[in-house]
Amino acid sequence: MKAIGNSVIGMKRTNNEDAIYVNEQKNLYVVADGMGGCNAGEVASNTAISIFVEAMEKTENEEILDRMMFATRACNQIVYQKAKNNIEYTDMGTTLVAACIEKEKVFIIYVGDSRAYRFRDNELCQITTDHSYVMELVKIGSITKEEAEVHPKKNIITRAIGVREDVEPDIVIADIKEGDKILLCTDGLSNMVSNKEMEKILTTECSTEEKVKKLVLLANHKGGLDNISLILIEI
């Protein structure tokens, strides 16, 4: 198994509010996309990942889903308290998507619109469901998934780490096999690069590092309107 991550500022932003964590030894991978004024988004994303990883290490002897749920709630609590106790961090928050690979399965926990995909047999499939305003519209049948992709309010998220005292993450368990790829990313990638474009890059005969580089370059080439962060795990 090989995992490569990258997080870049993009072409339009003045600082990077995303954060990533890659640990091949422990098969733990996390991506976060912070929000808030000044540097608050950066603080939120880095704090969330730091506390998440710390909490996972503290609970190593417990079941994986229990550990991930505990870690998500722990990082939510710390980010929430920081925002509450520091006026410069008021209203900060962050998305979070974390994946842990164990026994031919990938366990994913997430809050917000940072995504997890599984690439298998040359097809890319999103295995998380965005916690966003437009996805709520899709669920009730007001708009289609295609309309959601170009909706003017597509960046409004309905859940985030640190904005409320409690958080409700969602969990996905998916099987994995040799040849699969798991892609975690922020909307800085998924908003700029289509599934078909990602599939084309992921099918190329090159290293994991080169695939990640190509994805970032394409997102920047198409405008790089946001920070771009991703982790590509090749099984």
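**Exercise 1. Lay out the open sheet of this predicted model: state the order of its strands and find which strands form its edges.**

Solution. Begin with the order, which in this open sheet of 5 strands runs S1-S11-S10-S7-S8, with antiparallel pairing. Next look for strands that pair on one side only, and these edge strands turn out to be S1 (residues 2-8) and S8. Finally, add the geometry between neighbours, for which the twist averages 15° from one strand to the next.

**Exercise 2. Describe the pairing of S7 with S8, and name the residue in S8 that Phe119 stands opposite.**

Solution. The first step is the sense of the pairing, which for S7 and S8 is antiparallel and extends over 4 bridges. The second step is the residue itself, and the partner that stands opposite Phe119 is Leu124 in S8.

**Exercise 3. Determine which strands are touched by H6 and which by H7, and give the direction of each helix relative to a strand.**

Solution. Take H6, which packs on the sheet and touches S7, S8, S10 (181-185) and S11 (228-234), while its direction makes about 130° with that of S8. Then turn to H7, spanning residues 208-221, which also packs on the sheet, where it touches S1, S10 and S11, and whose direction makes about 155° with that of S11.

**Exercise 4. Characterise the largest pocket by its volume, its lining residues and the elements that contribute to the lining.**

Solution. Start from the volume, which is about 600 Å³. The lining comprises 28 residues, and those nearest the centre of the pocket are Arg115, Gln126, Lys145, Glu149 and Asn195. Assigning the lining to elements, two or more residues come from each of S7 (115-120), S8 (123-126), H3 (133-139), H4 (145-149), H5 (187-190) and H6 (195-202). Of the elements, H4 gives the most, with 4 residues. Sorting the lining by class then yields 9 nonpolar, 9 polar and 10 charged residues.

**Exercise 5. Carry out the analysis for the second largest pocket, giving its volume, its lining and the element that supplies the largest share.**

Solution. The space in the second largest pocket amounts to about 330 Å³. Around it are 17 lining residues, of which Arg13, Asp33, Asn155, Asp187 and Asp226 lie nearest the centre. At the level of elements, S3 (28-35) and H5 each supply at least two residues of this lining, and the largest share, 3 residues, belongs to S3. The final step is the division by class, which gives 4 nonpolar, 6 polar and 7 charged residues.

Definitions and conventions: Residues are numbered from 1 along each chain as its sequence is written. This is a predicted model: local features need pLDDT of at least 70, side-chain atom pairs count only at pLDDT 80 or more; totals for chains, interfaces and linings use all residues. Side-chain values use heavy atoms; hydrogens and water are left out. On a 1 Å grid over the protein atoms alone, a cavity is a set of points where a 1.4 Å probe fits but cannot get out, and a pocket is an open set with protein on both sides within 12 Å along at least five of seven lines; lining residues have an atom within 4 Å of a point. Grid points are joined across faces, edges and corners, and a volume is the space filled by probe spheres set on the points. Ala, Val, Leu, Ile, Met, Phe, Trp, Tyr, Cys and Pro count as nonpolar, Asp, Glu, Lys and Arg as charged, and the others, Gly among them, as polar. Two strands pair if DSSP finds at least two bridges between them. Axes are lines fitted to C-alpha atoms, for helices over the stretch in contact, and angles run from 0 to 180 degrees between N-to-C directions. Contact means heavy atoms within 4.5 Å.
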